[in-house]
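The following exercises concern side-chain pairing and helix packing. Each task is followed by a worked solution.

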Amino acid sequence: MKKIVLIMLMMTPFLGHSQIKGLLNKIGNSLETVTGESSDRLDISGALKEALNKGVEKQVTKLTLENGFYKNEAVKILMPAELQKVDKTLRSIGLSSLSDEGIKLLNRAAEEAVKEATPIFVTAIKQMSIADAKAILMGKNNAATTYLELKTTQNLYAKFNPVVEKNFRKVGADVAWSSIISKYNSLPLSTDVNPDITDYVTKKALEGVFKMIAVEELSIRTDIGSRTSPLLKKVFAMQD
């Protein structure tokens, strides 16, 4: 654009008044178009970043509270598949309280781990390009969540896993789960199990985080009342 303007200006000594006026009008219109397009791109980028930050602040913060996972049926962590038979067996022999406590401790560990998430999300959101933002806006209803998932999962796992492991020790979950598994493995005709509970809870915590961010993204995309700022209202109206 700069080169075109320069060429036009260099030609002015050879042009008449009306021709110069016409050129200036063309330059003005071109600059206005470019400026408008740039402004729209910046608006889209700003709105997507605001929407993601809103999702993190509103939904992820809820998960860090006591019972954030345990009392939220959408993300509550249950026994891993290979331990479903353990849960069923223990309950059948009057050890329901042991199973219930084990499940509660899984969720407590996840709630603690998610406290590590926000700084990682903030960094990923800041790094979102204008091109990323435009693609996300015109993408599926979970496109922003998917972007965040791709950009943060590896770092989040690395942060969550040691926190889950540490919290298991802190609240006695390691002892409780050792007791649960030992009780089951000592039963006649049972096949010994020894799942990696830390890995399981870490992955379930990640799954829960992205599920809740997706809830907020869907709300902003489909519910005008969830667009709480002029920028969100302006940009997301483009995809309505």
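**Exercise 1.** State how many salt bridges the predicted model contains, and determine which parts of the chain the pair Asp43 and Lys234 ties together.

*Solution.* Step 1: the count comes to 10 salt bridges. Step 2: one of them joins the side chains of Asp43 and Lys234, with an N to O distance of 2.5 Å; the cut-off for a salt bridge is 4 Å. Step 3: Asp43 belongs to helix α2 (residues 17-63) and Lys234 to helix α10 (residues 230-236), so this pair ties together parts that are 191 residues apart in sequence. Step 4: Asp43 is buried at 15% relative accessibility, whereas Lys234 is partly exposed at 42%.

**Exercise 2.** Analyse the salt bridge between Lys58 and Glu216, and identify the network to which these residues belong.

*Solution.* Step 1: the closest N and O atoms of Lys58 and Glu216 are 3.7 Å apart. Step 2: Lys58 lies in helix α2 and Glu216 in helix α9, so the pair ties together parts that are 158 residues apart in sequence. Step 3: Lys58 has a relative accessible area of 41% and is partly exposed; Glu216, with 2%, is buried.
Step 4: turn to another salt bridge, in which the side chains of Arg221 and Glu217 meet at 2.9 Å, N to O. Arg221 and Glu217 both lie in helix α9, 4 residues apart, which is about one turn of the helix, and both are buried. Step 5: salt bridges with shared partners join Lys54, Lys58 and Glu216 into one network.

**Exercise 3.** Classify the aromatic pair of Phe121 and Phe210 and locate its two residues.

*Solution.* Step 1: the count comes to 1 aromatic pair. Step 2: the ring centres of Phe121 and Phe210 are 6.0 Å apart and their planes make an angle of 80°; planes over 60 degrees apart count as edge-to-face, so the pair is edge-to-face. Step 3: Phe121 lies in helix α5 (residues 117-126) and Phe210 in helix α9 (residues 197-222), so the pair ties together parts that are 89 residues apart in sequence. Step 4: Phe121 is buried at 0% relative accessibility, and Phe210 is buried at 6%.

**Exercise 4.** Describe the packing of helix α3 against helix α4.

*Solution.* Step 1: helix α3 (residues 84-92) and helix α4 (residues 96-113) pack at about 145°, with axes 7 Å apart. Step 2: Asp87, Leu90 and Arg91 of α3 make the contact with Ser96, Leu98, Ser99, Asp100 and Ile103 of α4. Step 3: by class, this contact has 3 nonpolar, 2 polar and 3 charged residues.

Terms used. Residues numbered from 1 in each chain as written. Predicted model: local features only at pLDDT ≥ 70, side-chain atom pairs only at ≥ 80, totals over all residues. Heavy atoms only, no water. Phe/Tyr/Trp six-rings, centres within 6.5 Å; stacked < 30°, edge-to-face > 60°. Buried < 20%, exposed > 50% of the residue type's maximum accessible area, 1.4 Å probe, protein only. Axes fitted to C-alpha atoms, helices over the stretch in contact; angles between N-to-C directions. Contact = heavy atoms within 4.5 Å. Nonpolar A, V, L, I, M, F, W, Y, C, P; charged D, E, K, R; others polar.
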